[in-house]
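Subject: A structure for you to explore

Hi there,

Here is the structure I promised to pass on to you. Have a look around it first, and then read my notes below.

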There are 2 protein chains.
Amino acid sequence: MHDASDILLTLFIIFVAAQIGGEIAQRLRLPAVVGEIAAGCAIGPSALGWLHIDQIASGTPIDVLAEIGVILLLFSVGLETRLDDLKKVGRSAFMVGVLGVVIPFLMGSLWAHGSGFDWVKSMFVAAAFVATSAGITARVLQELGVLQRQEARIILGAAVIDDILAMLLLGVVSSLQDGGALDVKSLAFTLLGAVGFIAVIGWGGTKVMRRGSGWLDKPSNPMSPLAIVLALCLGLAFLSTRFGLAAIIGAFLAGMIASESRQRDDLEHQTAPLLAFLTPFFFVVTGAKVNLEELADGKALLMLLVVTVIAIVSKLAGGFLGALSLGRRGAAIVGFGMVPRGEVGVVIASLGLAAGVFNEQIYAIIVAMSLLTAMVTPPILSLLLRKDKD
Amino acid sequence: MHDASDILLTLFIIFVAAQIGGEIAQRLRLPAVVGEIAAGCAIGPSALGWLHIDQIASGTPIDVLAEIGVILLLFSVGLETRLDDLKKVGRSAFMVGVLGVVIPFLMGSLWAHGSGFDWVKSMFVAAAFVATSAGITARVLQELGVLQRQEARIILGAAVIDDILAMLLLGVVSSLQDGGALDVKSLAFTLLGAVGFIAVIGWGGTKVMRRGSGWLDKPSNPMSPLAIVLALCLGLAFLSTRFGLAAIIGAFLAGMIASESRQRDDLEHQTAPLLAFLTPFFFVVTGAKVNLEELADGKALLMLLVVTVIAIVSKLAGGFLGALSLGRRGAAIVGFGMVPRGEVGVVIASLGLAAGVFNEQIYAIIVAMSLLTAMVTPPILSLLLRKDKD
């Protein structure tokens with residue numbers, strides 16, 4: 001019984017911290033999500049310690065709740081996104097996705113090599129610089145109610161492409177690190193699988209749903225349209241991990257498919273309470289994962305600063321160049337929208353740590369860089385988008 | 001990354017199984033919850049095995065989701081319950097709660113002693129017979145839309161009293177089993193603490209909320225009334241475990257407090273999607289916990305039958321006698337409403353198993369009895385209530 005009691009206390013603390021952090025942020029005219037991440041940092045293991053490191057480790061109940069939270073978030077973003085609208089921005093999204101991977105990877109490799117890593121290890125470090133975390137940007141865009149703008153669509157499309165490329169890059173650096181030769185054939189298959197999965201599900205799913213969605217109302221359960229699309233969401237989130245992609249890609253596709261149904265408005269209303277309850281766990285856990293202690297000396301802080309600047313500038317440049325057709329402000333919005341790094345970078349960093357490619361400090365720096373990019377982006381994005389509204 | 005993938009698959013399987021089970025049950029004119037429990041039994045460790053025993057153990061992510069599910073369920077039941085209405089049935093609820101504990105405890109002790117246990121052990125076994133699980137009855141009442149009926153209120157009030165008494169009983173049998181003398185003083189303090197907690201929170205909370213609930217809209221978060229009451233729900237669920245009560249008692253109180261706010265209707269609408277997503281985990285896990293293998297011989301099955309009949313008859317008698325003022329049909333509804341056993345019985349049984357009071361088989365029988373009482377009740381209840389409607 002006491003286990004259950006402890007976990008309830010933890011859930012309570014996380015949830016309340018998120019609400020307080022979000023409220024403070026909004027009073028400061030910052031997006032709520034910044035406050036939620038900061039709250040996680042504050043109650044996390046290296047500050048107040050109300051949240052222990054083993055409570056947020058991978059596979060723990062809190063971590064699973066956080067994962068469900070971000071999955072539902074991207075599902076709801078998908079609900080507001082039509083495939084046809086995405087197609088219209090396909091070219092720009094592709095450019096943004098590709099440049100947003102290539103430039104950070106090049107700059108990251110150069111910096112790491114300059115700091116004394118050999119080339120193979122440098123590529124490993126650089127790989128952790130690459131992957132955009134769509135969750136944070138998506139939340140900001142949703143908070144501001146601008147998911148229908150062209151920039152938002154480009155960012156979402158680019159995030160999908162970004163995730164495919166990051167996965168391939170991870171394959172490349174892992175095999176190089178193992179000392180093996182590059183298995184181009186297997187990489188090609190991986191690429192084909194991922195692209196095929198997205199194309200078949202995205203295309204086929206929306207087609208089926210457009211033909212008619214009355215069947216969503218058939219079951220006796222009065223909440224059944226929601227229950228069916230939530231099942232789709234969990235199923236596609238799972239499937240996309242089997243194709244080497246992030247779970248949120250599948251969730252996004254599920255939302256996009258559901259957006260073609262005629263129950264779409266109901267679904268949007270019903271998803272809101274789910275987000276209100278579950279996404280705070282994701283953002284608080286994101287914030288709590290930073291180990292401030294490893295960063296508590298001047299050299300580490302300087303390195304963190306350099307790494308963060310490189311991470312921001314390189315991604316901004318990639319996004320900006322890729323979206324130049326939108327004009328300068330639009331390109332800047334897209335560029336900043338791609339800046340937040342997240343779980344994938346942390347996953348690559350943990351692999352690097354486990355493989356002995358780098359030490360605890362570099363690991364802490366990469367995690368902190370992910371957090372900083374996540375904290376810096378929302379205010380800038382909100383400023384650019386609000387100005388645009390006036 | 002593979003951990004995350006596995007857990008997503010499990011979530012998907014549980015959720016889909018619940019939907020299919022619920023649908024089949026409703027087509028058979030049974031409450032959906034019966035189908036969800038049966039689905040859990042089917043995919044559980046001792047049947048299909050799609051859900052492993054270590055995936056649903058206490059403290060695992062799935063178990064925590066299940067716990068959150070039942071907490072939200074009782075919260076939403078609380079939302080449909082006014083304190084003033086509960087007070088009106090206070091006397092009957094008290095009688096039902098007390099008789100519904102005393103009669104099963106006496107009959108359980110007699111049976112256990114008759115089967116060869118000494119008196120102290122018999123009382124331990126009997127204690128596992130006692131506690132009503134409000135979750136299943138509440139769900140059935142909600143499905144049928146009869147939470148406003150007097151019988152429903154008596155059942156809910158009695159479930160609170162029942163939980164207090166079960167906790168005290170657990171204290172008594174544990175100290176007897178340890179060979180210690182009964183510490184009446186400490187039991188009195190426990191009782192005082194639990195009753196005080198419920199009285200102060202239930203009374204004080206509703207009073208505060210009645211005075212005005214405009215402050216729920218104060219925060220910038222547009223979902224803030226919901227977020228605040230969910231925080232209250234988690235907080236009171238935690239606190240009630242600290243007073244030795246089940247988490248769902250605190251959640252019920254939180255819902256009852258929220259029901260006094262003027263945002264009540266919005267809150268009810270917003271809670272529905274949360275229930276649709278999370279309660280299936282509770283009912284599927286409930287079903288999955290039964291170990292069919294331990295029951296696979298004639299003697300065990302006979303014992304299960306006897307135990308289940310005693311459990312049903314004794315609780316029915318207690319509830320019926322306590323609620324006789326409602327007339328026969330009303331008393332029968334209350335009596336059957338109290339029949340389902342749940343987590344508390346299983347917790348007592350695990351303590352008994354750990355303390356060596358009884359063996360794996362008796363443990364399996366008690367768990368299976370909980371499940372059977374849970375499966376038998378909904379159809380009878382739904383029959384009695386539907387007939388009454390016509």
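Which side chain meets that of E260(B) in a salt bridge? The partner is R82(B), with 3.9 Å between N and O. Please keep in mind that this is a predicted model, and that the distances here are computed from it.

**Charged pairs**

If you turn to the loops of chain B, you can see how this contact links distant parts of the chain. E260(B) sits in the loop between helix 11 (247-258) and helix 12 (264-288), while R82(B) belongs to the loop between helix 3 (61-79) and helix 4 (83-88). In sequence, the two are 178 residues apart. Why does E260(B) count as buried but R82(B) as partly exposed? E260(B) has a relative accessible area of 13%, and buried means under 20%. R82(B) has 31%, so it falls in the range between 20% and 50% that is called partly exposed.

Over in chain A, salt bridges with shared partners join R82(A), D84(A), K87(A), R210(A) and E260(A) into one network.

Next, have a look at R139 in each chain. In chain B, R139(B) forms a salt bridge with E36(B), and their closest N and O atoms are 3.0 Å apart. This pair also links distant parts of the chain: E36(B) is in helix 2 (residues 32-43), R139(B) is in helix 7 (residues 134-144), and 103 residues separate them. Both E36(B) and R139(B) are buried.

In chain A, the side chain of R139(A) meets that of E143(A) in a salt bridge, at 3.2 Å from N to O. Here both partners lie in helix 7 (residues 134-143), 4 residues apart, which is about one turn of the helix. R139(A) is buried at 11% relative accessibility, whereas E143(A) is partly exposed at 33%. Over all chains, the structure holds 30 salt bridges.

**Aromatic rings**

Now for the rings: there are 12 aromatic pairs over all chains. One of them is formed by W111(A) and F129(A), a tilted pair with 6.2 Å between the centres and 40° between the planes. W111(A) is in helix 5 (residues 90-114) and F129(A) is in the loop between helix 6 (119-127) and helix 7, so the pair ties together parts of chain A that are 18 residues apart in sequence. W111(A) and F129(A) are both buried.

F282(A) and F283(A) make an edge-to-face pair, with centres 5.0 Å apart and planes at 70°. Buried or exposed? F282(A) is buried at 7% relative accessibility, and F283(A) is buried at 0%. You can also look for the aromatic cluster of F15(A), F277(A) and F281(A).

In chain B, a charged residue lies over a ring: K207(B) is over the face of W203(B), 4.5 Å from the ring centre.

**A patch on the surface**

Finally, colour the nonpolar residues on the surface of chain A. M107(A), L302(A), L305(A), V306(A), V309(A) and V313(A) make a nonpolar patch of about 490 Å². Which helix gives the largest share of the patch? That is helix 13 (residues 298-322) of chain A, with 5 residues. L302(A) lies in helix 13 and counts as exposed, because its relative accessibility is 53% and the cut-off is over 50%.

Enjoy exploring!

Best wishes

Methods
Residues are numbered from 1 along each chain as its sequence is written. Chains are lettered from A and ligands numbered from 1 in the order in which they are written. This is a predicted model: local features need pLDDT of at least 70, side-chain atom pairs count only at pLDDT 80 or more; totals for chains, interfaces and linings use all residues. Side-chain values use heavy atoms; hydrogens and water are left out. A salt bridge is a side-chain nitrogen of Lys or Arg within 4 Å of a carboxyl oxygen of Asp or Glu. Buried means under 20% relative accessible area, exposed over 50%, partly exposed in between (1.4 Å probe, protein chains only). Rings of Phe, Tyr and Trp (its six-membered ring) pair if their centres lie within 6.5 Å; planes under 30 degrees apart count as stacked, over 60 as edge-to-face and the rest as tilted. A charge sits over a ring if NZ of Lys or CZ of Arg is within 6 Å of the ring centre and within 35 degrees of the ring normal. Patches are made of residues with over 30% relative accessible area and no salt bridge: like charges are joined within 9 Å, nonpolar side chains (Val, Leu, Ile, Met, Phe, Trp, Tyr) within 5 Å. Accessible areas come from the Shrake-Rupley method with a 1.4 Å probe; for residues, only the protein chains shown count as cover.
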